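This note sets out points on the structure for a colleague at the bench. Please read them alongside the sequence and the model.

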Amino acid sequence: MSAFRLSTTSYVVLGMIAMRGPSTPYDLKRAIGRSVGYFWNFPHAQLYAEPKRLQGAGFLDVHEEDTGRRRKIYTITEAGDAALRAWLAEPVKEHFELRDIAEIKLFFNELAEPDDVARLARDQIEQHERRIAEYEEMRRRYGGIEEVSSRMVTLELGLGMEYAAREFWRGVQERVERGEFSFMKRRPTTR
């Protein structure tokens with residue numbers, strides 16, 4: 001039999017339950033949406049399925065309510081806590097990964113119309129400005145709360161990345177306006 005494999009989702013579920021205490025899958029979805037979800041995307045189906053999988057492997061315990069909605073409430077076990085702590089102690093050897101559709105579109109800029117690249121840049125600037133405003137509001141609202149202050153360090157990285165991305169796209173917009181991009185003529189399509 002193969003060893004039970006823990007994924008990044010597994011560790012996020014274990015970590016959230018270790019930090020928050022007993023949680024339902026819905027509680028996890030909400031907590032992740034307001035925290036880790038800003039920098040790591042999780043399909044909701046995974047967040048509902050993963051606690052049951054971890055419970056089956058002995059990393060979580062489950063208590064089902066006897067009445068009402070009969071929610072399943074998960075708590076972390078000693079094995080789950082040990083696995084989480086071991087993962088936290090491991091060095092990260094993977095390189096930072098950025099998955100950005102706008103960057104892919106920009107890569108193919110010479111096949112686009114100048115107006116399309118300019119619009120792409122403008123849209124990205126607006127998106128990054130909205131995210132900066134959202135992050136700044138989070139810093140204002142939660143920065144002084146001692147219980148969450150240690151988690152706010154990830155917000156600093158997020159803000160730095162958003163400011164850098166906004167400046168990058170402003171530079172792209174300026175280069176388009178100056179005519180620095182060379183746009184290819186459309187090639188005829190073959191049949």
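1. A residue is called buried when its relative accessible area is under 20%, exposed when that area is over 50%, and partly exposed in between. The structure discussed here is a predicted model. Glu90 has a relative accessibility of 46% and therefore counts as partly exposed.

2. Where does Glu90 sit? Glu90 is placed in the loop between helix H4 (78-89) and helix H5 (101-107). Along the chain, Glu90 and Arg151 are 61 residues apart, and their C-alpha atoms are separated by 19 Å.

3. The domain assignment of the protein gives two parts, domain 1 (8-89) and domain 2 (101-178). A distance of 30 Å lies between the C-alpha centres of domain 1 and domain 2.

4. How many residues of domain 1 and domain 2 are in contact? Four residues of domain 1 meet six residues of domain 2. Between domain 1 and domain 2, about 400 Å² of area is buried, and carbon and sulfur atoms give 63% of that area. On the side of domain 1, Met19, Tyr38 and Phe39 lose the most area to domain 2, together accounting for 95% of what that side buries.

5. The polar side of this interface deserves a separate remark. The count of salt bridges between domain 1 and domain 2 is zero. One residue pair in polar contact is found across the interface of domain 1 and domain 2, with both residues at pLDDT 80 or more. The residues of domain 1 that touch domain 2 comprise three nonpolar, no polar and one charged.

6. The structure as a whole holds 13 salt bridges. Side chains of opposite charge can pair when their charged atoms come close. Three of the pairs are taken up below, including one that links distant parts of the chain.

7. Asp116 forms a salt bridge with Arg119, and their closest N and O atoms are 3.0 Å apart. Asp116 and Arg119 are three residues apart in helix H6 (residues 114-142), so about one helical turn separates them. Asp116 has a relative accessible area of 32% and is therefore partly exposed; Arg119, with a relative accessible area of 39%, is partly exposed.

8. Which residue forms a salt bridge with Glu129? The partner is Arg170, with the closest N and O atoms of the pair 3.0 Å apart. This pair links distant parts of the chain, since Glu129 belongs to helix H6 and Arg170 to helix H7 (residues 153-177), 41 residues apart. Glu129 counts as partly exposed because its relative accessibility is 33%, and Arg170 counts as partly exposed because its relative accessibility is 29%.

9. Arg131 forms a salt bridge with Glu134, where the closest N and O atoms are 3.6 Å apart. Arg131 and Glu134 are three residues apart in helix H6, so the separation is about one helical turn. Arg131 is partly exposed at 27% relative accessibility, and Glu134 is partly exposed with a relative accessible area of 33%.

10. Finally, a network should be noted. Glu129, Arg166, Glu167 and Arg170 are joined into one network by salt bridges that share partners.

Technical notes
Residues numbered from 1 in each chain as written. Predicted model: local features only at pLDDT ≥ 70, side-chain atom pairs only at ≥ 80, totals over all residues. Heavy atoms only, no water. Helix = DSSP H or I, 4+ residues; strand = E, 2+ residues; numbered from the N terminus. Buried < 20%, exposed > 50% of the residue type's maximum accessible area, 1.4 Å probe, protein only. Domains from an automatic or database assignment. Contact = heavy atoms within 4.5 Å. Buried area = accessible area lost by both parts, 1.4 Å probe. Salt bridge = Lys/Arg side-chain N within 4 Å of Asp/Glu carboxyl O. Polar contact = N/O pair within 3.5 Å; in protein donor to acceptor, adjacent residues only side chain to side chain. Nonpolar A, V, L, I, M, F, W, Y, C, P; charged D, E, K, R; others polar.
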